Amino acid sequence: MADEQSWPVEIRLKSGHRTLAVTYDDGAAFEIPAEMLRVMSPSAEVQGHSAAERITVGGKRDVEIRAVEPVGNYAVRLQFSDGHSTGIFTWGYLRRLGADREALWSAYLTELAAKGLSRDR
């Protein structure tokens, strides 16, 4: 798949550390909110070790990205203002979050509501 083979040419924080901007070598560019990155972190803490273990994370509306650290040549580790830093965001996963942002975010908001959770608590 072409998306899995594209590489980022620029990754930077924007909007007071609340947005990660990623531009790929094929010209695709995405701005992904810190809140979305935090609640959809690929970490075991969020995703679990199986689909049944995945948790819905609420209360992260005001989270910021404190640091972006390279992991080899395939990913970055993000450090968030709430202390979370265990997710490794591959280039392909970041691209999926950017490309499918609206659908993923809508599904997240629906899941929050169904579980009686809020973006604020």
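In which sense do strand 4 and strand 5 pair, and over how many bridges? Select residues 65-71 for strand 4 and residues 75-80 for strand 5. The pairing is antiparallel, over six bridges. Keep in mind that this is a predicted model.

Stay on this pair. Pick V68 and look across: L78 in strand 5 stands opposite. Now go to the hairpin of strand 4 and strand 5, where three residues lie between the strands. Click G72 there; its phi is positive, near 55 degrees.

Next, add residues 88-90, which form strand 6. Strand 6 and strand 5 run antiparallel and are joined by three bridges. To see one residue pair, show V76 and F89: F89, in strand 6, is the bridge partner of V76.

Now move to the open sheet. Its three strands have the order 1-2-3, and the pairing is antiparallel. Colour residues 8-14 (strand 1) and 29-33 (strand 3): these are the edge strands, and each pairs on one side only. Look along the sheet for the twist, which averages 15 degrees from one strand to the next.

Select strand 2, residues 19-24. Five bridges link strand 2 to strand 3, in the antiparallel sense. Which residue of strand 3 is the bridge partner of L20? Show I32; that is the partner.

Last stop: select residues 91-99, helix 4. This helix packs on the sheet and touches strand 1, strand 2 and strand 3. Compare directions: helix 4 makes about 80 degrees with strand 3.

Notes: Residues are numbered from 1 along each chain as its sequence is written. This is a predicted model: local features need pLDDT of at least 70, side-chain atom pairs count only at pLDDT 80 or more; totals for chains, interfaces and linings use all residues. Side-chain values use heavy atoms; hydrogens and water are left out. Two strands pair if DSSP finds at least two bridges between them. Helices (H or I, at least four residues) and strands (E, at least two) are DSSP runs, numbered from the N terminus. Axes are lines fitted to C-alpha atoms, for helices over the stretch in contact, and angles run from 0 to 180 degrees between N-to-C directions. Contact means heavy atoms within 4.5 Å.
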